[in-house]
Amino acid sequence: MQGIDRIVGRIREEAASDVDKIEKDARAQALQILQRARVNADAAYEQRLQDTERTAEEIKRRAKSTAKLAAQKTALSTKQELIGEVFDRVLDNLKKLPDAQRVKLLAGLLERYAQGGETVFYAKADTDLMETVLRETNRALTGRKCAALIDGGADDHISGGVLLRAGNVETNLTLEALVRKSRPRLTGEVAGMLF
């Protein structure tokens with residue numbers, strides 16, 4: 001039996017040696033797998049970190065672009081408001097001209113645009129001036145061999161300037177219309193002075 005015990009002992013030793021070798025190989029493989037997993041995890045982490053940083057930069061760029069656009073819109077809106085205020089002030093100043101300058105302005109408008117024989121309507125505020133305006137304008141029209149203008153009286157819808165009417169044709173020379181008509185042409189110049 002001793003021979004059998006030796007054989008069994010030897011088998012046990014070999015089996016134990018094989019088990020140790022298998023365990024060592026398994027540990028080495030596990031270590032390699034763990035190291036590869038760490039490398040892969042680190043690479044995946046780096047990739048995600050880079051993707052996140054790119055996404056954050058894109059979001060930041062878009063937010064900056066949106067903020068810049070909003071600022072430009074606000075600036076443009078503010079500039080337009082300021083330009084509008086300038087034209088409003090011009091209109092107010094034209095309405096507040098001293099009598100002598102208003103007479104000159106109204107007579108100049110009528111002399112330039114009247115063909116002769118039209119009816120003139122004007123603002124209530126200019127009623128006292130219109131006799132002088134019409135006299136001067138009619139003198140100039142007579143020199144051009146045109147019919148005199150007709151006094152149509154004050155019109156509540158006119159706050160400054162005049163309205164010429166010849167039959168169904170009206171020539172709007174109110175201050176509001178003149179300023180509105182001049183605005184596109186003068187906006188660039190006004191903006192240049194303001195900004």
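**Close-up 1. Surroundings of N138 in helix α3 of the predicted model.** Leaving aside its neighbours within four places in sequence, N138 makes contact with A148 and L149. N138 itself belongs to helix α3. The residue counts as buried because its relative accessibility is 16%, and the limit for this class is under 20%. A further reference point is L109, which lies 29 residues away from N138 along the chain; the C-alpha atoms of these two residues are separated by 12 Å.

**Close-up 2. The four-stranded open sheet.** The strands are arranged in the order β2-β1-β3-β4, and their pairing is mixed. Strands β2 (150–154) and β4 (169–174) form the edges, each pairing on one side only. From one strand to the next, the twist averages 20°.

**Close-up 3. Pairing of strands β1 and β3.** Strand β1 comprises residues 119–122 and strand β3 comprises residues 161–166. The two run antiparallel and are joined by four bridges. Within this pairing, Y122 has V162 of β3 as its bridge partner, while F121 stands opposite L163 in β3. As a general point, side chains in a regular strand alternate between the two faces of the sheet.

**Close-up 4. The hairpin of strands β3 and β4.** Strands β3 and β4 are antiparallel, with six bridges between them. One of the residues involved is A166, whose bridge partner in β4 is V169. Two residues lie between the strands of this hairpin. In the hairpin, G167 adopts a positive phi near 65°.

**Close-up 5. Helices α2 and α3 against the sheet strands.** Helix α2, formed by residues 99–113, lies across β1, β3 and β4. The direction of helix α2 is at about 25° to β3. Helix α3, formed by residues 127–143, lies across β1, β2 and β3. Helix α3 runs at about 150° to β1.

**Close-up 6. A nonpolar patch on the surface.** The patch is formed by L82, L194 and F195. Together, these residues have about 260 Å² of accessible area. F195 is located in the segment after α4 (175–194). With a relative accessibility of 45%, F195 counts as partly exposed, because this class covers values between the buried limit of under 20% and the exposed limit of over 50%.

Technical notes
Residues are numbered from 1 along each chain as its sequence is written. This is a predicted model: local features need pLDDT of at least 70, side-chain atom pairs count only at pLDDT 80 or more; totals for chains, interfaces and linings use all residues. Side-chain values use heavy atoms; hydrogens and water are left out. Two strands pair if DSSP finds at least two bridges between them. Axes are lines fitted to C-alpha atoms, for helices over the stretch in contact, and angles run from 0 to 180 degrees between N-to-C directions. Contact means heavy atoms within 4.5 Å. Patches are made of residues with over 30% relative accessible area and no salt bridge: like charges are joined within 9 Å, nonpolar side chains (Val, Leu, Ile, Met, Phe, Trp, Tyr) within 5 Å. Accessible areas come from the Shrake-Rupley method with a 1.4 Å probe; for residues, only the protein chains shown count as cover. A salt bridge is a side-chain nitrogen of Lys or Arg within 4 Å of a carboxyl oxygen of Asp or Glu. Buried means under 20% relative accessible area, exposed over 50%, partly exposed in between (1.4 Å probe, protein chains only).
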